[in-house]
Each structure stands twice: as structure tokens, then as C-alpha cells.
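Open the model in your viewer and follow the stops below in order. Each stop gives a selection and then says what is found there.

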Amino acid sequence: MTTISTHPPPAPTTKARLLDIMRTRGTVSRVELVGAAGLTPGTITNVIRELLDDGLVQEAGQARSTGGQPRRLLRLRAQAHYAVGVQMDRCTSSVVLADFTGRLVAQKTLQGSGSHAPGEMLEILASRIHHLLEAEKVPFESVLGISLVTHGPQNRVDGTLLAPRPTLQWYGFPLVSTLSRLTGLPVILENDATAAAMGEQWLGDVSAESFGVIYMASGLGGGAVVNREVYRGGGSNTVELGHITLDVSGPPCECGNRGCVENLCGTAAVVARAVRDLPLRRRLGLKDNPAETLNDFNRISSAAVEGDLAARHLLEDAARGLGQAAVTLVNLFDLSTVVLAGPAFSTAGTLLRDHISATVNAAAFNRELQPISVVLSSHGSLAAAIGGSLQVLRTASDAKERRTAPPSFLTRRTPPQFASLKP
Ligand SMILES: [Zn+2]
């Protein structure tokens, strides 16, 4: 039961397009919708009437008159529906709740998956989701679903991970069906970097029609939006920036490749170098434990920002490698914008951004056309979770109109088993 995977994704329906436009722009007039959607006024009038009847859109007063008839304004009805985004990393996890406009209603940061068996971790997440809905007094019936956002490689159709990370137990474990059973809600599995790209596209500050994302948590991944569409390639494991080769003679990676960017410049690689520097290790109190990688990385980042030269050199080295990866990303998709997202950029984001930008703007093939803009995500460390929740809002609205269920997003499924969960 209860998966909301659709692959390959079909083109959005007219209703879903209009909802997307309103989600991005906020309050709009019908005339603005005609221009933005490229549809006739008659079509807009008819579709908006249906959206008003469905309770998804509401009137929002009138625009100030510029001489003609005042324009009646529309906006999404925020309480029409809600969506949950869950970002799950080995070192840290986040649960976010978004209303129908995509506005962040509530968030909770909790432990990562690193020290838990999959079933145990999913129970913790289900419990947090339940308590978040309860605390915000959000009716269960109004929640469209959950996007479980995590690392790859993954099989979105089966709702499983195809890597033995953080432990062998996680390989092939039915993540989606288990979380769905525990919560009673539809669940979709999504790649963290792809989710961050979606969040940036719909509610971020990036206006470019094509842009790339470098997502760094305990792992390193990439995403791309190309001509306004999230690029999915042939499956759900696209733009795996962490596993392109930076050094053909470099160490073998568990992915099967050699000299991978993640192994040379990712958070674990930076921490491993810092740990080998015994004075630095002692000075920063590094734990050197896989479940603590992000915390250790943040200790190094804080020290670098505060002027610790050894810490700063480590980050600058990593940023040069990340910059090389960004050059590949830009060259592959002919991009002018790269967004840096994920918890690893939360402390020394500006320092990393400046060095990545310098490398990209010295080496990208298209740099003479215009400078490559390298920016920090407007959603910070919650970028992937927020992107996941937006994806649910968008996918569910689209599916409802298509009536291509199963599943029907707005029909309740099995009763939730929240009551059996520990607080
Ligand atoms: Zn690799």
C-alpha cells in the first residue's frame, strides 16, 4: 500500500501548474496567471473555479487599481493540506511540516540513523511526525503524505536503499512500506540532493531556469534542475557528484569507483585528516566516530571560521576539490548557478562557498559567457527536508487531478499506528 512514487514523472497537469505558480508567487491575479501559465483567460477562469470549489485556493482581496478594473487576487488556502518532509542522514535527521503554500510550519531536528537498526529508526521518525502533527494541531486527514529523503543509491519504486549504509541491515530494508504502515500515510523515497534542488526551485531564492546543487551531509551528492525540470536521468540516482573520480590513482571507494570526490573532499574525509593531526584533534575535541562525523566537521568548521589555521587549510583543500566537482556539474549541464545545500554548509558555508566559487570561475567552460554564481541554499540545513515536503504537495495535487490512483492521496488508508509508538 501507500507508495506515491511515479517514475518517470509525467508533465504536470494544468491544475498542478497553477498551484505551483501560486506556491512560488504567493498572491496573484487571474491576469498574472494567464501570463505565467501561457493559457487562455477562459481556461484559467474554469480551472480556478474548480480550485476554489475544491477549497485549495481562496480569494485574497483586490490589487490596487492602476486605472482599469481592480484585479481580484487569489492565493492558496494554507490549511487545505499539509505535507511532511523527513531528511535522514547517518549523523542527523530532520522532520519538517509544511502547509499547502509550502510554508514551514514546524521542524524538529533529531539523531541520525547511524546507531539504529532501520525498523527502530523508522519508529523514532514516525513518533516524531505524530508529535509534530499533534503539537501543531494539524488534522491527520489533512496530511497528504511524507517524503523520506536520504542518500543513494536507492530504488524509489521499491522504496529501498541499495547500499549497506549505515549498516548491512539497511540494504534492501522496506523503508517506504514500513514508514507508511507506522504512520498510516503515503510515503515516497527521494534522493536528498534532488529534494534540495526541488526546494530551491519552488521556494528558494534562485531564479535561474537551470541550476545545480551540491548537497553535503555525512555524504556528498548532487542535483540539477534543467530548463525548469528536476533532472532524473534514467532512474533515481542522478548527478552522483560524490562518486565521480577526482584522482584516478586515488583510494578505492565502496561504490566500486576510485578516487571519488566524497572520499577525498567529503565531511568524513576532512574529519579523517583532522583526526590524524593530533594537536588539532585534541584542540577541537574530535570524537572520530562515524555517527559523529557531522558534529566533528562542524567543530572543524567553527575553528576555521574563528581563525584556526590548520582547520582552515583542511576546509580550503576540501573546497578546492568540491570546486572541481562543481566545474564538472556546470560543464555537464551548461549552468550559471550552483547552490550549496545541506548541514555541512551550516557553519563555514561562506568560506566554502568563496573557495568553490573561485575554482568554478577559473575553470568552468562557459565562464566567459557570464560569471558562475555559487550561492548558499536559502533553506540551510533543512533544504532537503523542505524540498521533500514540497514534492509531496506537488505530486499529491497532481495525482488527485489525474485520478490515476492507486493511491488516491486524499483518501484515508489504514488507521495510523501512532498509539503504539513510544513518545
Ligand atoms: Zn565512490
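**Stop 1: a zinc ligand**

Select His243: its relative accessible area is 19%, so His243 is buried, the cut-off being under 20%. Keep in mind throughout that this is a predicted model.

Now add the zinc ion to the selection. Which protein atoms are the donors of the zinc ion? They are ND1 of His243 and the SG atoms of Cys253, Cys255 and Cys260, at 2.0 to 2.3 Å from the ion. The angles subtended by the 4 donor atoms run from 103 to 120 degrees, and the arrangement is therefore tetrahedral. Along the chain, the donors are spaced as H-x9-C-x1-C-x4-C. His243 and Cys255 are 12 residues apart, and both sit in the loop between strand S13 (229–230) and helix H7 (261–265). Colour Cys255 separately: with 42% relative accessibility, Cys255 is partly exposed, whereas His243 is buried.

**Stop 2: Arg165**

Move to Arg165, in the loop between strand S9 (160–161) and helix H5 (175–183). Show its side chain and the backbone of Gly152: the Arg165 side chain lies 2.8 Å from the backbone oxygen of Gly152. Then display the residues in contact with Arg165, setting aside neighbours within four places in sequence. These are His151, Gly152, Pro153, Trp170, Glu254 and Glu262.

**Stop 3: strand S11**

Select residues 211–216, which form strand S11. Is this strand enclosed or open to the outside? Of its 6 residues, 6 are buried, so S11 is largely enclosed by the rest of the structure. Phe211, Val213 and Tyr215 point one way from the strand, while Gly212, Ile214 and Met216 point the other way.

Add strand S12 (residues 220–226), which pairs with S11 in the antiparallel sense over 6 bridges. The connection between S11 and S12 is a hairpin of 3 residues. Next add strand S14 (residues 337–341), which runs parallel to S11 and is joined to it by 4 bridges. Centre the view on Val213: opposite it are Gly223 in S12 and Val339 in S14.

**Stop 4: the domains**

Finally, zoom out and colour by domain. The domain assignment gives domain 1 as 14–79, domain 2 as 81–194 + 384–418, and domain 3 as 205–377. To end the tour, place a marker at the C-alpha centre of domain 1 and another at that of domain 3; the two centres are 40 Å apart.

Key:
Residues are numbered from 1 along each chain as its sequence is written. This is a predicted model: local features need pLDDT of at least 70, side-chain atom pairs count only at pLDDT 80 or more; totals for chains, interfaces and linings use all residues. Side-chain values use heavy atoms; hydrogens and water are left out. Domain bounds come from an automatic or database domain assignment. Donors are N, O and S atoms within 2.8 Å of the metal (3.2 Å for Na, K and Ca); water is not among the atoms, so sites may look incomplete. Four donors count as tetrahedral if all angles lie between 85 and 135 degrees; four count as square planar and six as octahedral if opposite donors are over 155 degrees apart and all others between 65 and 115; anything else is irregular. Helices (H or I, at least four residues) and strands (E, at least two) are DSSP runs, numbered from the N terminus. Buried means under 20% relative accessible area, exposed over 50%, partly exposed in between (1.4 Å probe, protein chains only). A polar contact is a pair of N or O atoms within 3.5 Å; within protein, one must be able to donate a hydrogen and the other to accept it, and residues adjacent in sequence count only if both atoms are side-chain atoms. Contact means heavy atoms within 4.5 Å. Two strands pair if DSSP finds at least two bridges between them.
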